[in-house]
Amino acid sequence: MITRLLQRLREHAPWVGLVLGLLLGVVFGATYFPSAGHDDSHITFWVSHALARFGAIVNYNGAPIEQSSSFSLVVWLALAEKLTGAGAPILGWITSIGCAALALGVVTVLARGVSPRLSPLAAPLLATSLCFLYWSTSGMETSMTALFGVLAVLVLARYVESEPSETAGRGQTVRALAPVVLVSAGFAGARPESPVVLLALAATAATYSFLLRTLDKTAEARRRFLRSLHVLGAAITPVVVLAVSRKVAFGSAVPNPASMKSGGFDFDNGLRYAQAGFQETNSAYVPLLCVALGMVAWGVVKRRLPMSVVLTAALAFASTAFVLMSGGDWMTGARFLVPAMPAYVVLMLFAIDRASQERAAAVGFLFGATLLWLNVNAVIDFGRSPLNMSHRWAEARKQARAAREKPGMAAFSFPEIANRPHRRDAKLLPAFLETLEKLGPTREQPLSFISGQAGMVPFHVVQKYYGALHFLDQYNLSSKELANCVPARAQQRLVHGVHIELKYIIEHAKELEQRCNLTPPVIIFDAGRPPVWLSKYGYQVIYDDHEDLPAYIAVHTSVAERLRK
């Protein structure tokens with residue numbers, strides 16, 4: 001009886017690990033990161049709201065520009081908003097948490113095939129990997145990309161290695177291929193680099209199947225190679241369709257933020273970014289991953305590995321290559337490492353399992369438990385540091401209660417109050433909306449405003465005054481007007497986007513208006529303290545908050561009299 005009980009415990013151990021991972025994610029996520037990330041989430045929220053409201057993808061100014069980096073998230077949130085009537089910020093927050101939870105389940109399934117003995121550790125390790133946990137409550141596409149990536153590995157490997165019956169017809173083949181097509185389509189639209197990573201996975205599957213076919217001349221090896229070609233076609237199709245559709249609709253095969261940030265690509269910066277990200281998460285990941293990739297490379301040479309292991313390594317390699325080549329990201333929390341994190345975890349378990357296979361399984365679990373302990377410590381350290389952009393749970397609840405009693409803030413969702421940059425903007429917005437109400441912009445007489453912050457503030461004010469406002473984005477993420485008008489010598493190509501200094505824009509306002517019909521901004525708002533030179537150019541500061549994260553609003557003196565009335 002005891003033997004049977006132990007056997008059943010071993011059989012269910014991966015699902016016990018999944019439950020543990022979900023619990024760890026809930027406890028540490030709610031405690032330290034109830035609403036993480038930055039206000040860039042609202043750049044996507046506007047696009048999904050516009051799609052739900054107008055049936056078209058447009059930017060803040062109503063132009064056909066894809067200002068979001070995630071087509072998949074936009075479509076999902078637009079559908080959810082249409083069906084539920086809820087706002088994009090709360091739907092995005094729920095979606096990012098839900099995708100993270102699903103990723104824990106998928107990584108457990110994948111780990112069962114790659115490292116059955118240590119698969120119970122997969123979900124707990126992923127749930128406590130700092131960058132994955134941190135961005136799981138951001139409302140951004142990060143956890144969705146991680147989910148689609150690990151899901152792509154699973155469905156591609158299963159299709160290639162499946163054994164259809166000899167009498168299987170075309171209809172059965174199409175049905176079997178449908179999950180590959182659907183996951184490929186979702187992954188291709190998840191992030192700008194996802195199409196390249198997806199094609200790398202499909203090409204790896206075809207190449208490895210071809211290598212196996214040269215060694216094994218059986219009919220099954222030929223069928224496996226044929227199925228890998230099906231996978232390659234299923235991956236290429238949505239990538240091509242998406243690129244062509246974007247080119248036709250928006251004039252660019254990639255989203256506008258990706259185009260604007262490409263000038264900041266730098267390998268040295270990418271390497272420093274990756275090093276910092278692994279140091280924040282767990283420095284032990286790096287040597288383990290190097291060992292794991294070496295094992296996979298040797299296994300490929302010997303042609304002894306299952307497809308799932310090879311594709312997991314391909315996902316890790318391709319995603320890491322993007323991080324290095326892109327120059328990284330400006331946000332805290334190593335966002336760009338998240339899509340590869342499920343693959344990292346599975347590969348590490350693969351390496352530990354292979355290294356300890358001659359010894360007791362307890363050795364592997366002890367090693368994994370040590371990694372888990374290091375992960376938890378990293379989460380706690382980061383959660384208590386000023387780099388954490390989320391209020392911790394007690395403070396988040398306090399701020400949410402206080403917001404209900406402040407005029408103009410009661411309508412904001414919990415993730416908009418529990419996040420430090422969002423709360424900064426939530427405090428600024430009532431003053432901004434009051435200013436607009438007094439100025440009364442209309443479609444016939446629109447008002448121009450400018451900022452380097454293209455997220456929460458434009459999202460809310462444009463919802464109320466759509467068509468009556470014109471937003472000038474200093475980083476050119478939501479539009480390209482300034483980048484197309486300002487000379488290249490005045491542009492800074494950064495990982496943030498194509499940045500143009502506010503002082504240059506103000507000094508050359510008349511020139512930009514004559515050359516490109518860009519109306520000089522009447523309102524300036526931004527994070528930080530107001531520049532001392534604003535008054536010299538006729539701007540008056542009407543809002544200056546410097547609690548926690550500072551922000552300000554300034555208006556041109558030509559409208560200041562109307563505000564006093």
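Work out whether E547 counts as buried, partly exposed or exposed.

Start with the value: the relative accessible area of E547 is 40%. Buried needs a value under 20%, and exposed needs one over 50%. E547 therefore counts as partly exposed. Keep in mind throughout that this is a predicted model.

**A partner for E547**

Find the residue that E547 meets in a salt bridge, and say which parts of the chain the pair ties together.

Step one: the side chain of E547 meets that of R423, at 3.3 Å from N to O. Step two: place both residues. R423 is in helix α19, while E547 is in the loop between β6 and β7, so the pair ties together parts 124 residues apart in sequence. Step three: check how covered the arginine is. R423 has a relative accessible area of 6%, so you'd call R423 buried.

**A salt-bridge network**

Which residues are joined into one network by salt bridges that share partners?

The members are E141, R191, E193, D329 and R335. Now zoom in on D329 and R335, whose closest N and O atoms are 3.0 Å apart. D329 has a relative accessible area of 9%, so D329 is buried. R335 comes out at 5%, so R335 is buried too. There's one more thing to spot about R335: its charged end sits over the ring of W135, 5.9 Å from the ring centre. For context, a search of the whole structure turns up 16 salt bridges.

**From helix α19 to the hairpin**

Show how R420 links its helix to the loop between β6 and β7.

First, identify the contact: the side chains of R420 and D548 form a salt bridge, 3.0 Å from N to O. Next, locate the ends. R420 belongs to helix α19 (residues 420-439) and D548 to the loop between β6 and β7, so parts 128 residues apart in sequence are tied together. Then compare the accessibilities: R420 is buried at 14%, whereas D548 is partly exposed at 40%. Finally, look at the turn itself. β6 and β7 make a hairpin with five residues between them, and D548 in that turn has a positive phi of about 60°.

**Reading the sheet**

In what order do the five strands lie, and which of them stand at the edges?

Walk across the open sheet and you pass β2-β1-β5-β7-β6, with mixed pairing. β2 (469-473) and β6 (539-545) each have a single partner strand, so they stand at the edges with one side lacking a neighbour in the sheet. From one strand to the next, the twist averages 20°.

Now take the pairings around β7. Strands β5 (residues 523-527) and β7 (residues 551-556) pair in the antiparallel sense over five bridges. In one example, I524 has A554 as its bridge partner in β7. Last, add the helix: α24 (residues 557-564) packs on the sheet and touches β6 and β7, its direction making about 100° with that of β7.

On its other side, β7 runs antiparallel to β6, and six bridges join the two. Here D545 has A551 as its bridge partner in β7.

**One residue in β6**

Describe the surroundings of V541.

V541 sits in strand β6. With a relative accessibility of 36%, V541 is partly exposed. Leaving aside residues up to four places away in sequence, V541 touches P530, L534, I553 and A554. V541 and T557 are 16 residues apart in sequence, and their C-alpha atoms are 9.8 Å apart in space.

**Sorting an aromatic pair**

Decide whether the rings of F54 and Y466 are stacked, tilted or edge-to-face.

The structure holds 22 aromatic pairs. For F54 and Y466, the ring centres are 4.6 Å apart and the planes are at 25°. Planes under 30 degrees apart count as stacked, so this pair is stacked. The pair also bridges distant parts of the chain: F54 is in helix α2 (residues 41-54) and Y466 in the loop between α20 (456-464) and β2, 412 residues apart. As for cover, F54 is partly exposed at 35%, while Y466 is buried at 17%. To finish, widen the view: F54 and Y466 belong to one aromatic cluster with W46, Y60, F432, F449, F471 and F525.

How values were computed:
Residues numbered from 1 in each chain as written. Predicted model: local features only at pLDDT ≥ 70, side-chain atom pairs only at ≥ 80, totals over all residues. Heavy atoms only, no water. Pairing = 2+ DSSP bridges. Helix = DSSP H or I, 4+ residues; strand = E, 2+ residues; numbered from the N terminus. Axes fitted to C-alpha atoms, helices over the stretch in contact; angles between N-to-C directions. Contact = heavy atoms within 4.5 Å. Salt bridge = Lys/Arg side-chain N within 4 Å of Asp/Glu carboxyl O. Buried < 20%, exposed > 50% of the residue type's maximum accessible area, 1.4 Å probe, protein only. Phe/Tyr/Trp six-rings, centres within 6.5 Å; stacked < 30°, edge-to-face > 60°. Lys NZ or Arg CZ within 6 Å of the ring centre and 35° of its normal.
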